[in-house]
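Colleague: Please give me a close look at one pocket. Start with what lines it, then follow the packing and the charged pairs outward.

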Amino acid sequence: GVLVFKTIPTDEYAKEGVTGSVEVKSLFVDQSNQNSGRGLGSCLVDKLHREVEQLGIAYNSFHLTVSETKPESLQFFQKKGFRVAYEWKDRYMPGVTEYL
């Protein structure tokens with residue numbers, strides 16, 4: 001799996017109600033079709049929490065963006081306690097909603 005996150009919390013999405021938040025740039029499991037249901041994504045989310053705590057980062061939340069074209073990703077993060085804070089239509093691709 002791959003986990004990439006910023007180590008400095010941001011207020012980039014303050015207008016959308018997200019402040020002091022650690023941005024998750026990438027979190028995915030390689031060969032997800034073969035590895036689905038094995039808990040590897042959950043391990044990466046747990047690792048995210050441990051790493052941020054070990055680094056002593058003062059934060060309010062974690063955030064990321066997920067495209068509506070990846071409903072399984074949105075569902076996974078919601079199961080892990082993430083919530084949709086904002087929606088953009090056409091932000092990255094015409095006709096596609098992106099969730100914060």
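**The second largest pocket and what surrounds it**

Modeller: The lining of the second largest pocket has eleven nonpolar, six polar and two charged residues. Here Ala, Val, Leu, Ile, Met, Phe, Trp, Tyr, Cys and Pro are nonpolar, Asp, Glu, Lys and Arg are charged, and the others, Gly among them, are polar. This is a predicted model: local features need pLDDT of at least 70, side-chain atom pairs count only at pLDDT 80 or more, and totals for chains, interfaces and linings use all residues. Residues are numbered from 1 along each chain as its sequence is written, and side-chain values use heavy atoms, with hydrogens and water left out.

The pocket holds about 310 Å³ of space. A pocket is an open set of points on a 1 Å grid over the protein atoms alone, where a 1.4 Å probe fits, with protein on both sides within 12 Å along at least five of seven lines. Points join across faces, edges and corners, and volume is the space filled by probe spheres set on them. The lining has 19 residues (an atom within 4 Å of a point). Closest to the centre are F62, H63, G81, F82 and R83. Strand β3 (61-63) and helix α3 (71-79) each give at least two residues to the lining. These are DSSP runs numbered from the N terminus: H or I of at least four residues for helices, E of at least two for strands.

Now follow F62. F62 is among the residues closest to the pocket centre. F62 also belongs to the largest nonpolar core, where V52 and F62 touch the most other members. That core has 16 residues (buried Ala, Val, Leu, Ile, Met, Phe, Trp, Tyr and Cys joined through side-chain atoms within 4.5 Å). Strand β2 (21-28) and helices α2 (40-54) and α3 each provide two or more of its residues. Helix α2 has the largest share, with four. So what does F62 touch, leaving aside residues up to four places away in sequence? The answer is S21, V22, V24, L48, H49, V52 and F82 (contact means heavy atoms within 4.5 Å). V52 thus appears twice: as a contact of F62, and with F62 as a member touching the most others in the core. F82 is a contact of F62 and lies among the residues closest to the pocket centre.

Next, the charged pairs. The model has three salt bridges (a side-chain nitrogen of Lys or Arg within 4 Å of a carboxyl oxygen of Asp or Glu). E23 takes part in a bridge to K6, at 3.3 Å from N to O. This pair links distant parts of the chain. E23 sits in β2, K6 in the loop between β1 (2-5) and β2, and 17 residues separate them. E23 is buried, at 10% relative accessible area. K6 is partly exposed, at 38%. The cut-offs are under 20% for buried and over 50% for exposed, with partly exposed in between (1.4 Å probe, protein chains only). E23 also bridges to K25, at 3.4 Å from N to O.

Helix α2 carries another bridge. K47 pairs with E51, with the closest N and O atoms 2.8 Å apart. They are separated by about one helical turn, because they are four residues apart in α2. K47 is partly exposed at 35% relative accessible area. E51 is also partly exposed, at 21%. Elsewhere, shared partners join K6, E23 and K25 into one network. E51 also gives a through-space check: its C-alpha atom is 9.8 Å from that of F5, 46 residues away along the chain.

Strand β2 includes F28. F28 is partly exposed at 41% relative accessibility. Outside its neighbours up to four places away in sequence, F28 touches G1, V2 and L44. The C-alpha atoms of F28 and V52 are 18 Å apart, with their positions 24 residues apart along the chain.

Two more sites complete the tour. S67 lies in strand β4 (residues 66-67) and is buried at 14%. Beyond four places in sequence, S67 contacts V96, T97 and E98. Its C-alpha atom is 21 Å from that of L40, 27 residues away along the chain. D90 has a phi near 70°, a positive value in a residue other than glycine. D90 sits in the loop between β5 (87-89) and β6 (97-99). D90 is partly exposed, at 44% relative accessible area.
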